[in-house]
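Reader: I should like to go through this structure with you, one region at a time. Where shall we begin?

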Amino acid sequence: MNKTLEQIDYYTIRDAVADCAISEEGKNFLLRREPYHDAEKIEHLKEISREWEKFMSRTNSLPFSPWEPVYPLMPIIHATGSALTLQQLYALGQFCNAVKKVSESVKLKETELDFKYLPEETAKLFDLSDASRIIFRIITQDGELRDLPEIAAIRKQIADLNNKIKVIMHRYCTDNKLSDILESNVPVLKNGRQVLAVRAGQQNKIHGLVHEVSVSGRTVYVEPEESVYATNELIEKEYELQEEIKKILIKTTEELQPSIPAFRENIPQMNFFDATWAAAKWGKENNCIYALPCSSVSEAASENKNEKDSIQENASEPPLLLNARHPLLGERCVPITIRFMDGKRVLIITGPNTGGKTVSLKTFALLSMLNQSGFPVPAGEGTRLPVFDNIYADIGDEQSLNQSLSTFSGHMKNIAKAVKKAGPNSLVLLDELGSGTDPQEGTALSMSVLDHLIERQAFVLVTTHMGVLKNYGYTNPHCINASVEFNTDTLAPSYHLLMGVPGESHALDIAEKSGLPHFIVKNAKHYIATEQTDVSALIKGLSKKHSELDKLRNATQKEADAQEEKGLRLAEKEVQLRRKEHELKNNKTRELDEFMRQSRRELENLIRQIREGEITRDKTVSVKQFISELEANGIRLEEELEQEDEKIREAEIEIQKTTEKIRASHKKTKKKMKLSEALKYAESIPASQVSETAKKSPSSPAPLSFEPGAEVEVGSMKSRGTLVEKNKKGQWVVQFGSVRMTAKEKDIRLVKSAGEKISSVSVVVEKAESGNEYPQFELRLLGMYADEAIRALEHQLDLCAIHNFPRFSIVHGKGNGILQQAVHDYLSHYHGVKEFSFAPPEDGGFGKTYVVLR
């Protein structure tokens, strides 16, 4: 498998992902990554990387700081009497800081970014605060040793000795008496000691120790005697300092031993965070997505392997690769789409040389392995990839070469391995199947190999130039044909992959373009059988149809996207209207609450004043005044509501007048009686009754007025009742059977005055002709099923078009929103509708829709 992974460039991409890691240990962890076979583990890795990607999009900072490798330090800490160096101690301190920072970073963004998996993973980290405190008590955050009390005195002595040596050497170098003796007025460092460069033969003039003589013999290096003593003492103090530091490091290392288990548990967890972060970073830089999982490949395999149709019966989500790009091709890469179908696990790719067949094969395999490593893949949203337990390939040598360097027997060795071991969860890649031998035998062998792999239910991707295999792909129900597109005008491949259509090799066209003489190409065409020409014509026709289908699919997708966007805008508008309605209710509620609280306070004050003393005239007047003000405030609020209601009524009347004007030009005609029918109707009424009725009927009806005893209709329900008495300004007491209620005068409609009797019976025979039916100003659909409502709406829109009716409203109610959605869907697709929207809250809100026609 390692050889196959190398052939499909898996390790190259894995190394690129590893370079995105923050730490050296995280990078090394990724460099050991191989594709996983556990679907749950793969999906978990991708979920963590998805959340890291959200983190990257919201902040520019890293979720944790880098650290040097710390795993090799665990044996040192464990060994008794051992001591970590300052650099190693600093690496452990960096690791402690990284653990702390990743926990804090995830916790800070958990709510804002809606993290689900990262908090669970950070909860697995062990607390290293004790270890961090031990480490940074010794060193600073920059890794420098602190000025501890144990070494502070020694450091001061060393500094004093350095200054003393510096003064001694300066005195010698600036002494004018020694200027002729010294070769240089600057001290020289020899073997860690400061010495003077003295001319040969003059060294006896300076009391001290000779350390060295120059190669030429002209200079002798002498250390003054007083400097010798000071330097010797300095060396002793430096050794003493190192011994003290060693004691401190041994003690610190011993104190860190209890934290070894926490370090060992946290190291792989931090490597896990670094690896998933690196995957997310690489994916973002390369415009990648996270592939969706297919239904388990193993589920598609029937227990009875002899039943070939088991794949089609069980597989529900075949692999789908949308706009996939090979990551090594960069910007010049042409995206390809590979669609497997239910029951079809063999993809046969044909087409010209250098057209991209092998790249297509490698791209599918590479992206599958990247997905199984928990990495994002450079493809389009909606891509689905299965989990393979093994991958077998016969791709040949490096694909950068234009010819195959492997022998036929070498190909057969690779194919034999795949045939023996491939199973339902295997991916098999066969490049140029059947090549390298006699075409007839190679084709027969290829079909036999594919038959066996179909029986084993493996996923197979094949590239070939064999024409017989194209026919095999059509006739076998488990195969799909595909081809790389070729531009016949430029005689160059376009690198697009066409699913469902076999391709031509175009060998003659490419040969002529490459410089082969025209007469040779022309002669070669005469050797091609007529049947082959017919096949080529068929392939060209299929390619044209496929292109047309692609255009239709793209247009359909654009329309679907537009409808989805429109739906989102309507949903957003609905939420805004609900918010506005809610705010209006809240404002009214707050106003009433404030009114009630103020009234309650004033009433409590009056009651307290009354209880505190005797009832006096002033207190009585105050109570009456409060009641009057309370009543006046109630009347004021009521009048405000009435004024608002009156405005709405005026608007409704204005709309009604406009509607009546429109209808005035389309008056309904009454059906006229025939003369014979009128005579019969007149004869049926007795003469006495006619004369009596004529006597009782006045020439003109008396005007109706509000007075006790008058019959009235109240409210929108038109409840019938009788006026009893006037209660107060603008209100009447109405008798409804045995119940009396108070109603506003504006809500009451007079039916007849007090004492008025029915004077005559008027019979009108009226029938609206089918051609004179008019649209309704308000179409009520409550209680209807969706299909009934749509039929009624269709009829209403037809009438509106006939009578040039500009606008109307629809009452559909709220409920579960089914009827509302059906009405809005129909209106959005009706070409005669200019716009539609929900009614304002006071006129029905989301239960009513206003419609404006073109």
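Author: Let us begin with strand β6. Four of the five residues of β6 are buried, so the strand is largely enclosed by the rest of the structure. Please bear in mind throughout that this is a predicted model.

Reader: Which strand does β6 pair with, and in what sense?

Author: β6 pairs with strand β7, residues 336-339, in the antiparallel sense over three bridges. Within β7, Ile336 stands opposite Ala324.

Reader: And Asn323, is that residue buried, partly exposed or exposed?

Author: Asn323, which is found in β6 (residues 320-324), has a relative accessibility of 45% and therefore counts as partly exposed. Its phi is near 45 degrees, a positive value in a residue other than glycine. Most residues other than glycine have a negative phi.

Reader: Where else does a residue other than glycine have a positive phi?

Author: Asp114 is one, with phi near 55 degrees. Asp114 is placed in the loop between α6 (86-109) and α7 (118-122), and at 59% relative accessibility it counts as exposed.

Reader: Since α6 has come up, at what angle do the axes of α6 and α11 cross?

Author: The axes of α6 and helix α11, residues 260-285, cross at roughly 60 degrees and come within 11 Å. The crossing is left-handed. On the α6 side the contact is made by Leu92, Phe95, Cys96, Ala98, Val99 and Val102; α11 contributes Phe263, Asn266, Ile267, Met270 and Phe273.

Reader: Turning to the sheets, what is the strand order in the one that includes β1?

Author: That open sheet has four strands in the order β1-β2-β4-β3, with antiparallel pairing. β1 (188-190) and β3 (208-213) stand at the edges with a single partner strand each, so one side of each is left without a neighbour in the sheet. From one strand to the next, the twist averages 45 degrees.

Reader: How many bridges join β3 to β4?

Author: Five bridges join β3 to β4 (residues 219-224), and the two strands run antiparallel. One of the pairs involves Val213, whose bridge partner in β4 is Val220.

Reader: Which helices pack on that sheet?

Author: Helix α9, residues 149-173, packs on the sheet and touches β2 (193-199) and β4; its direction makes about 10 degrees with that of β2. Helix α10, residues 225-255, also packs on the sheet, where it touches β2, β3 and β4, and its direction makes about 65 degrees with that of β4.

Reader: What is the order of strands in the sheet that contains β20?

Author: The order is β20-β21-β23-β22, in an open sheet of four strands with mixed pairing. Its edge strands are β20 (778-780) and β22 (833-838), each of which pairs on one side only. The twist there averages 20 degrees from one strand to the next. Strands β21 (residues 807-811) and β23 (residues 848-853) pair in the antiparallel sense over five bridges, and Ile810 has Thr849 as its bridge partner in β23.

Reader: Which strands of this sheet does α23 touch?

Author: Helix α23, residues 786-803, packs on the sheet and touches β20, β21 and β23, with its direction at about 170 degrees to that of β21. Helix α24, residues 818-829, lies across β21, β22 and β23 and runs at about 155 degrees to β22.

Reader: A change of topic: is Gln372 buried or exposed?

Author: Gln372 lies in helix α13 (residues 357-372) and counts as buried because its relative accessibility is 0%. Apart from neighbours within four places in sequence, Gln372 is in contact with Pro35, Tyr36, His37, Ile42, Pro386, Val387 and Phe388.

Reader: How many disulfides are there?

Author: The structure holds zero disulfides. Cys294 counts as buried at 14% relative accessibility, and Cys800 likewise at 2%.

Reader: Finally, what is the average pLDDT, and where does the score fall below 50?

Author: The protein averages a pLDDT of 79, and 76% of the residues score at least 70. Over residues 398-406 the pLDDT is below 50, and this stretch has eight contacts beyond near neighbours in sequence. Residues 757-771 also stay under 50, with 16 contacts beyond four places in sequence. Where pLDDT is low, the predicted coordinates should not be read in detail.

Terms used:
Residues numbered from 1 in each chain as written. Predicted model: local features only at pLDDT ≥ 70, side-chain atom pairs only at ≥ 80, totals over all residues. Heavy atoms only, no water. Buried < 20%, exposed > 50% of the residue type's maximum accessible area, 1.4 Å probe, protein only. Contact = heavy atoms within 4.5 Å. Disulfide = S-S within 2.5 Å. pLDDT = per-residue confidence, 0-100. Pairing = 2+ DSSP bridges. Axes fitted to C-alpha atoms, helices over the stretch in contact; angles between N-to-C directions. Left-handed = near helix turned anticlockwise from the far one by under 90°.
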